[in-house]
Amino acid sequence: MTTTHPTAPPPYRITRPRVLCAEWHKLRSLRSTWVTVISAVVMVLGVGLIMGATYTSGGGDADVDTVVLTLYGSLLGQLCLVVLGILTTAGEYATGMIRSSLTAVPARLPVLWAKAVVFAATVFTVMLATSVVTFAAAQAFLHDTDQAASFTDPGILRALAGNAGALTLMGLLALGLGALLRSVPGAIGAFIGGVMILPEILGMLPYDAVERAIRYFPTQAAGALGSATPIPGTISPGPALLALSLWAGTTLAAAALTLKRRDV
């Protein structure tokens with residue numbers, strides 16, 4: 001008679017899908033995620049409805065791009081998503097949760113990449129839907145004005161997708177800053193000072209080379225992505241997308257290098 005022995009359970013394996021699932025669970029279970037995302041949606045939709053309801057033909061905004069006009073609230077919504085991006089990474093350092101995350105995933109870098117992927121997928125999906133709904137709702141007021149437009153007009157769908165992509169990449173840049181600096185106040189200060197204020201200061205310098213370089217800065221590139229028609233003094237959507245992607249990618253790469261070399 002043979003005796004059977006219970007087999008040992010298979011060892012726990014860390015896989016990319018499992019890390020992604022863990023980061024998705026963390027992102028959606030935090031109250032700050034819902035507060036910031038809902039705030040961003042309300043800002044974009046609310047301002048879009050106000051702009052549509054109060055607009056009159058022949059005013060000072062007649063030459064403004066239709067998508068830019070209806071999605072003007074994206075400037076406010078961007079701030080909410082920047083805070084979310086910073087909290088996604090630096091928030092874990094503030095609470096000490098990062099120690100548990102990196103203990104479970106000793107390789108470290110999969111945690112950062114999973115955070116970036118989950119954040120980007122969530123923000124792009126939500127903001128694309130918000131952009132489409134806001135544009136359609138605003139056009140209900142603008143249909144008999146000089147800002148009337150439809151989804152089939154040239155450049156409209158590209159601009160709506162570009163607006164969502166710009167918000168996503170700006171959020172990823174902030175996420176990278178949070179991972180790099182490991183401080184929520186420090187990352188917010190760095191974003192405001194380096195991304196929002198610095199280009200305005202440099203723009204005061206009377207040099208053509210500086211003026212051309214500023215066009216490739218994050219905020220200026222983001223503005224070019226969300227316009228259906230070319231904006232004077234900005235680059236075209238293709239180079240704008242490349243420039244903004246490089247800004248976000250470089251920040252994430254620096255954060256990855258720091259994460260790999262420094263202790264928690």
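Hi everyone, let me start with the hole in the middle of my talk: the largest cavity in this structure has a volume of about 90 Å³. A search of the whole structure turns up one cavity of 30 Å³ or more. Please keep in mind that this is a predicted model.

So what lines the largest cavity? The residues are Thr89, Tyr93, Ile98, Leu102, Arg108, Val111, Leu112, Lys115, Ala179, Arg182, Ala255 and Leu259. Helix H4 (74–95), H5, H6 and helix H11 (237–261) are the elements that each supply two or more of them. H6 contributes the most, with three residues. In character, the lining splits into eight nonpolar residues, one polar and three charged.

Two of the arginines there deserve a closer look. Arg108, part of the lining, sits in the loop between helix H5 (97–104) and helix H6 (109–142). Is Arg108 buried or exposed? Arg108 counts as buried because its relative accessibility is 17%, and the cut-off for buried is under 20%. Its phi is near 70°, a positive value in a residue other than glycine.

Arg182 also belongs to the lining, and you will find this one in the loop between H7 and helix H8 (184–202). Its phi is near 60°, again positive in a residue that is not glycine. With a relative accessible area of 13%, Arg182 is buried. As background, most residues other than glycine have a negative phi.

Now, on to the core. The largest nonpolar core has 59 residues, and Val67, Ile86, Leu112, Met127, Leu172, Phe191 and Leu244 are the ones with the most contacts inside it. Helix H7 (residues 156–181) provides the largest share of this core, 14 residues. In general, nonpolar side chains in soluble globular proteins tend to be buried together. You may recognise Leu112, which is listed in the cavity lining as well as among those core residues.

Which residues does Ile86 touch, beyond those up to four places away in sequence? They are Gly91, Ala174, Leu175, Gly178, Val184, Ala187 and Ile188.

Last stop, Ala161, which is also in helix H7. Ala161 counts as partly exposed, because its relative accessibility is 30% and that class runs between 20% and 50%. Leaving aside neighbours within four places in sequence, Ala161 is in contact with Phe124 and Leu128. Its C-alpha atom is separated by 15 Å from that of Ser236, 75 residues apart along the chain.

That's my tour, thanks for listening!

Technical notes: Residues numbered from 1 in each chain as written. Predicted model: local features only at pLDDT ≥ 70, side-chain atom pairs only at ≥ 80, totals over all residues. Heavy atoms only, no water. Core = buried A, V, L, I, M, F, W, Y, C linked by side-chain atoms within 4.5 Å. Buried < 20%, exposed > 50% of the residue type's maximum accessible area, 1.4 Å probe, protein only. Helix = DSSP H or I, 4+ residues; strand = E, 2+ residues; numbered from the N terminus. Contact = heavy atoms within 4.5 Å. 1 Å grid on protein atoms, 1.4 Å probe; cavity = no way out; pocket = protein on both sides within 12 Å on 5 of 7 lines; lining within 4 Å. Points joined across faces, edges and corners; volume = space filled by probe spheres on them. Nonpolar A, V, L, I, M, F, W, Y, C, P; charged D, E, K, R; others polar.
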